[in-house]
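Dear colleague,

Please find below the structure that I am handing over to you. The findings follow directly after it.

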Amino acid sequence: MDIAIPLALCLLILGLSVVVSKLIQQFLRPRKSQGRYPPGPKPLPLIGNTLDVPVKGVGEKYLEWGRRYNTDLVHISTLSDHIVVINKREVAEELLEKHAAKYSGRPDIPVLKLIGWDCNVALMDNGQEWRNHRRICQQHFNKQAAQSFQDIQLNKARKMLQSLLSSPENYSLYSNMFSTSISMAMMYGYEVESLDDPAVKAANKSIEVGSPLTIPGGTLINVFPFLRHIPGWVPGAVSQRQVALGAFMTREMQRIPLEDLKKRMAEGKASPSFVSNFFEKKNTVGASDEEESMTYNIAHTVYAAASDTTISATGTFFYCMAANPAVQKKAQEEIDRITGGSQLPDFSDREAMPYLEAVYREVMRYRPPLPLTVSRSLSEDDHYRDYFFPKGTLIFANIWGMTHDEDVYPEPDVFKPERFFNVDGKLNDNDRIMAFGFGRRICAGQHIASSTMWIIIASILASFNISNAKDEFGNDIPLNDEYDDFGLLAQENDEMLDLAKVECSAKIDRRGTVELIASWVAVYMEAKGSNNRIA
Ligand code: HEM
């Protein structure tokens, strides 16, 4: 008999048992006595709001529901989960920061372990293992320590200028290269020369294959972990095959840069990086196996956490500059005033460029790369106002909603760095970049990310003009401003994590300071021969 038939039957029975167990849970849930969920769209019996859950423009949708139901917190349910989305900054600070002990967990997704993603710090639950990893991140990525990566950031930014000089029409590709190669260089000193690099391809494949499996409903393995034992060759066992492929790609994405680093260290050719510094330490004062494995886990996490978010924010920057020429001009005038047009900006110029700082804040406000951050899972029952959230409720901070709150940011859909200035012309103190999230799970690399974004914004504006591309008759081609939501862990029904990206069809032209790039290239080449750093 064809093995597919018993398998299909088995899956049908399992599916039915989920439905029945959900019905029993719904029936037995002691809700009314303990309090209610916040308001939200009316759920259907059993499947809840599964059909309502937005897939595109998610931040906007939850904000709209918040307005419609006159609430700061929106509740929806799906077949498997209750989800609470926080639309107001004050509520996020209250729950995710003041009550962080309950609100810092991540959901338990069985398939994560199978595809090797349980070593990703961003996805670990808030137990001892996560705390140990987070402590190391804190030591190496805090504001002070983050400065040790500035040489790499500067070099990569200038390499991007060099690439733009030769073929500006490929700016989107170079932007991807910039974001990807920075992570690999910071973590392993690994040089990514093209997006066809085997480590980058493995990483992208791991994310592409793994993401759909990790969302609720992505695979039955998350509901019935024993299904992982069904071999991949069994007809219908699609998830099992994807799991095997995802796990292989995750291992490759870790193995390739690590082996490369070990080889370079043995040859005495390794440039300083997070992992090479660990090896130095291990060889001098010693280090435990646990510390070694945490180092690898963090390096792996940074690639996944830093690359796409930076690509997203850089894409927003290009779009906003092309769409707002007056802002662009003002920022360029500030840069030229400070550098005198005689050198490219570097990190020592940051404080002297308040308007550029405001541009950076506005880019991160306008289109936060993770509009709903990363899902939290409530680790204990909680009461808030007259609501009750049972343990396991999924909590999302709607960063998009908070950065488009009209009470705080009037005309939120207008790109306006001026909103970050006081009437006296000084930068205001609204310097909290909500795009990095909240509380104990706030982005562990926020200071590095801030420097990366600042240096790329400053470097490009110093050297290039960004405008609408022209058609064959010389007319502006309208910018594609589609805010493309795609998910690392997002999708179809429940968003675990929603990553957004702007792809615009801008045109990049040289500015006056362009010869500086050429002179930098000469200095860089000269220095690279000796110590791989610019003088
Ligand atoms: C524009 C760039 C970036 C953005 C917008 C961003 C945003 C975020 C957000 C929203 C979270 C989840 C926070 C939460 O749950 O409240 C996060 C987590 C994380 N990010 Fe970033 N990130 C960026 C770049 C980076 C970089 C450069 C690094 C490392 C060098 C990094 C490392 C991490 C890590 C390790 C976590 C997990 C933290 C944890 O769960 O404890 N990120 N990031």
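In which loop is Thr373 found? Thr373 lies in the loop between α15 (354-366) and β3 (376-377). Please bear in mind throughout that this is a predicted model.

Allow me to continue with the backbone of that residue. Thr373 is not a glycine, and yet its phi is positive, at about 50 degrees. Thr373 counts as buried because 26 other C-beta atoms lie within 10 Å.

A positive phi of about 50 degrees is also found at Glu411, although Glu411 is not a glycine. Glu411 is placed in the loop between α16 and α17. Is Glu411 buried or exposed? Glu411 has 10 C-beta neighbours inside 10 Å, and it therefore counts as exposed. Pro410 is likewise located in the loop between α16 (399-403) and α17 (446-463). Pro410 is exposed, since 10 other C-beta atoms lie within 10 Å. The C-alpha atom of Pro410 is separated by 21 Å from that of Leu372, and these two residues are 38 apart along the chain.

As to the chain as a whole, the protein has 535 residues, of which 44% count as buried. The chain contains 18 helices and ten strands. Of the contacts between residues at least 6 apart in sequence, 74% join residues that are at least 24 apart.

I turn next to α15, the helix that precedes the loop of Thr373. This helix has 13 residues, and from its first C-alpha to its last it reaches 18 Å, close to the 18 Å expected at 1.5 Å a residue. How many of the 13 residues of α15 are buried? Twelve of them are, and α15 is thus mostly covered. Among the buried residues of α15 are Tyr355, Leu356, Val359, Tyr360, Val363 and Met364. Charged side chains are not absent from this list, which also includes Glu357, Arg361, Glu362 and Arg365. The elements that cover the buried residues of α15 include α13, α14 (325-339), α16 and α17.

Helix α13 deserves a description of its own. At 1.5 Å a residue, its 35 residues should span 51 Å, and its end C-alpha atoms are indeed 51 Å apart. Of these 35 residues, 28 are buried, and α13 is mostly covered.

Two packed helices are described by the angle between their axes and the distance between the axes. The axes of helix α7 (residues 128-141) and helix α13 (residues 289-323) come within 10 Å and cross at roughly 70 degrees. The two helices are therefore roughly perpendicular. On the side of α7, the contact is made by Asn132, His133, Ile136 and Cys137, and on the side of α13 by Met294, Asn297 and Ile298. By class, this contact has four nonpolar, three polar and no charged residues.

Finally, there is the ligand. Which residues come nearest to the ligand? Of the 28 residues around the ligand, the nearest are Ala122, Ala306, Gly437, Cys443 and Gly445. The elements α7, α13 and α17 each give two or more residues to the shell around the ligand. The largest share of this shell comes from α13, with seven residues. By class, the shell has 20 nonpolar, six polar and two charged residues.

With kind regards

Conventions:
Residues are numbered from 1 along each chain as its sequence is written. This is a predicted model: local features need pLDDT of at least 70, side-chain atom pairs count only at pLDDT 80 or more; totals for chains, interfaces and linings use all residues. Helices (H or I, at least four residues) and strands (E, at least two) are DSSP runs, numbered from the N terminus. A residue is buried if 20 or more other C-beta atoms lie within 10 Å of its own, exposed if 12 or fewer, and partly exposed in between; C-beta atoms are placed from the backbone. Two residues are in contact if their C-beta atoms, placed from the backbone, lie within 7 Å. Axes are lines fitted to C-alpha atoms, for helices over the stretch in contact, and angles run from 0 to 180 degrees between N-to-C directions. Angles under 35 degrees count as roughly parallel, over 145 as roughly antiparallel, 65 to 115 as roughly perpendicular and the rest as oblique. A residue is near a molecule or strand if its C-beta atom, placed from the backbone, lies within 6 Å of it. The expected span of a helix is 1.5 Å times one less than its number of residues.
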